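Visitor: Please pick one part of this model and go through it closely, and then say how other parts are held to one another.

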Amino acid sequence: MLRTAAASDADLALPDDFEAVLDDTSVHRSTIGCVIPAYNEEQSIAQVIESLLGQTRVPDVIHVVVNNTSDATVKIASQYAGPHEITTDLGEQFTEVFVHDIGKNPDKKVGALNYGYTLVEGYDYLLGVDGDTVAGARAVEYLESEATSDSRIGGISAIYSIDDKPITGLVPKFLITGQRSQFAAFNMHNLLRGRNMAVLGGQFSIFSTQALREVMAQNHQSTPWVKDSEVEDSLLSLQIKSAGFLTKISPFARADVGGMTTMRALDAQQVKWTYGAIELMWPGQRGDTKGQPFHPNLRVRWLENFGMLTNMFVRLAFLMLLAGSLSIGAFVFSPWWLLPVGVAILLNLRMALSMRDRNARDILFAVMFLPAEIYMWLRLSYFLRSWTRFLSRKKVDNWAMQAKAERGSGSGHWTPFVMIVAVVIALAVVWSMLDPVVQSTILWIGWPIVGVVTVVQTLSMFFKLIRRQHGYKV
């Protein structure tokens with residue numbers, strides 16, 4: 001059963017920049033060509049196609065581009081191939097579904113997207129939909145309405161979340177809840193930045209084909225997406241912005257994406273994302289893709305990396321200083337250390353309450369503190385692994401690594417934990433060899449430094465806590 005994306009009265013309490021969009025659409029009906037790159041999506045492809053056929057604004061054509069598949073994706077998708085006449089709230093509509101099996105494709109998702117682009121480049125808009133993304137019933141209508149209301153818009157993304165109702169098992173539920181919280185924070189951050197979307201995620205975004213053509217012309221590309229980057233969505237978003245277009249996030253359009261239900265798969269996905277983002281910030285890392293460290297769309301990436309670095313420093317330094325203080329009987333508990341924990345819980349709770357489809361698990365994840373803290377440690381391990389891989393300059397196909405992880409292979413996700421255990425043991429040995437005076441000096445210098453950083457971090461969380469959210473729901 002598909003969830004409806006109809007906005008509730010509470011959702012309509014939004015800033016003025018979107019209020020008049022639905023009433024200001026052009027009489028001219030734009031054309032939308034939908035492209036679904038699909039790789040081993042037999043579990044979800046039927047629901048994805050049905051969600052598109054169930055839209056109030058049905059795409060004019062739907063192309064399912066199956067690549068490198070080894071399951072029944074083509075067979076299942078082919079059941080929907082052909083013309084469809086559909087009656088919706090907006091009247092009678094017609095679309096046709098085509099299924100293309102392009103076989104072995106070395107460029108993977110990028111190759112499938114570019115193949116799809118050649119099929120819909122004559123349309124006004126390209127709607128990119130991942131093979132595991134199910135959209136709310138009015139998602140396409142909302143995206144089209146805003147896109148046609150402003151010719152400056154080069155692309156608009158839906159608000160992403162994950163439907164956790166089908167998820168079973170303690171670990172999968174924990175990981176999905178953490179990802180839902182992570183998506184919520186990312187979406188809210190973009191909504192509050194003038195609805196500027198740093199990354200037009202390929203999960204469910206609509207692109208102006210005019211903007212794509214200008215991107216290709218300016219960058220001397222024969223296709224919109226290039227294989228030089230492992231975060232093709234981020235790179236294209238940067239190029240669209242550089243071409244003078246806006247990249248936006250819709251406050252209404254919603255879509256549920258496929259989540260990662262194992263630590264192995266989540267590690268591979270997040271390392272790929274972070275690694276690819278790092279490459280965009282440094283020049284000449286892969287092929288001819290130039291780094292653009294000062295690009296407006298990369299500011300959020302810098303903030304993310306700096307925030308993760310600060311979180312890692314505070315946690316590791318606190319634990320090491322705590323262990324050192326306890327070892328010589330010098331630790332004195334201060335209730336002030338509970339203040340950052342309290343502010344973090346309130347901030348997590350506010351983010352959970354801002355989720356439109358929140359449930360009891362989202363609330364408990366926020367207020368119990370420990371689940372969110374464990375998930376943060378997981379994210380820190382992905383952050384550490386991404387930078388280690390990048391600095392090693394070792395050539396790795398992160399797409400292949402993610403596909404391997406999703407099949408249940410690989411054990412690289414344990415590497416950061418093994419490294420931390422080894423570092424802790426080494427530090428403990430070195431600490432035990434130090435003179436008591438040296439130990440006291442280290443603690444005397446270390447605690448104030450950690451304290452100052454913690455105060456700054458707590459103030460940052462507090463300002464986020466009291467910031468107005470303008471009625472946005474993620």
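Guide: Packing is judged here by contact, meaning heavy atoms within 4.5 Å, between helices (H or I, at least four residues) and strands (E, at least two), which are DSSP runs numbered from the N terminus. The model is predicted, with local features needing pLDDT of at least 70 and side-chain atom pairs pLDDT 80 or more, while totals for chains, interfaces and linings use all residues. Residues are numbered from 1 along each chain as its sequence is written, and side-chain values use heavy atoms, without hydrogens or water.

The part to look at is helix 7, which covers residues 209-218. Within helix 7, Thr209, Ala211, Leu212, Val215 and Met216 are buried, that is, under 20% relative accessible area, where exposed is over 50% and partly exposed lies in between (1.4 Å probe, protein chains only). Because the buried residues fall within an arc of 155° when helix 7 is seen down its axis, they line one face of the helix; the arc is that of the directions from the helix axis to the C-beta atoms. An α-helix has 3.6 residues a turn, so residues three or four places apart point the same way. As for what this face meets, the buried residues of helix 7 pack against two other helices and three strands, namely helix 4 (108-120), helix 8 (232-242), strand 5 (125-129), strand 7 (153-161) and strand 8 (204-208). After helix 7 comes His220, whose phi is positive, near 55°.

Turning from packing to charge, the model holds 15 salt bridges, each a side-chain nitrogen of Lys or Arg within 4 Å of a carboxyl oxygen of Asp or Glu. One of them joins Asp163 to Lys165, with the closest N and O atoms 3.0 Å apart; here Asp163 is partly exposed at 24% relative accessible area, while Lys165 is exposed at 59%.

A second salt bridge is that of Asp362 with Arg180, with 2.8 Å between the closest N and O atoms. Since Asp362 belongs to helix 12 (residues 360-367) and Arg180 to helix 6 (residues 170-191), this pair ties together parts that are 182 residues apart in sequence. Both ends of the pair are shielded, Asp362 being buried with a relative accessible area of 4% and Arg180 being buried with 3%.

Another such tie runs from Arg385 to Asp267, whose closest N and O atoms are 2.6 Å apart. Arg385 sits in helix 13 (residues 370-392) and Asp267 in helix 9 (residues 263-281), so parts that are 118 residues apart in sequence are tied together by the pair. In this pair, Arg385 is buried at 14% relative accessible area, and Asp267 is buried at 2%. Returning to Asp362 and Arg180, these two belong with Asp164 and Arg361 to one network, joined by salt bridges that share partners.

A further acidic residue can be described through its neighbours: Glu144, within helix 5 (residues 139-149), counts as buried at 12% relative accessibility. Leaving aside residues up to four places away in sequence, Glu144 touches Ser30, Ile32 and Arg57. For comparison with these buried charged residues, Phe462 in helix 16 (residues 436-466) is partly exposed, with a relative accessible area of 38%.
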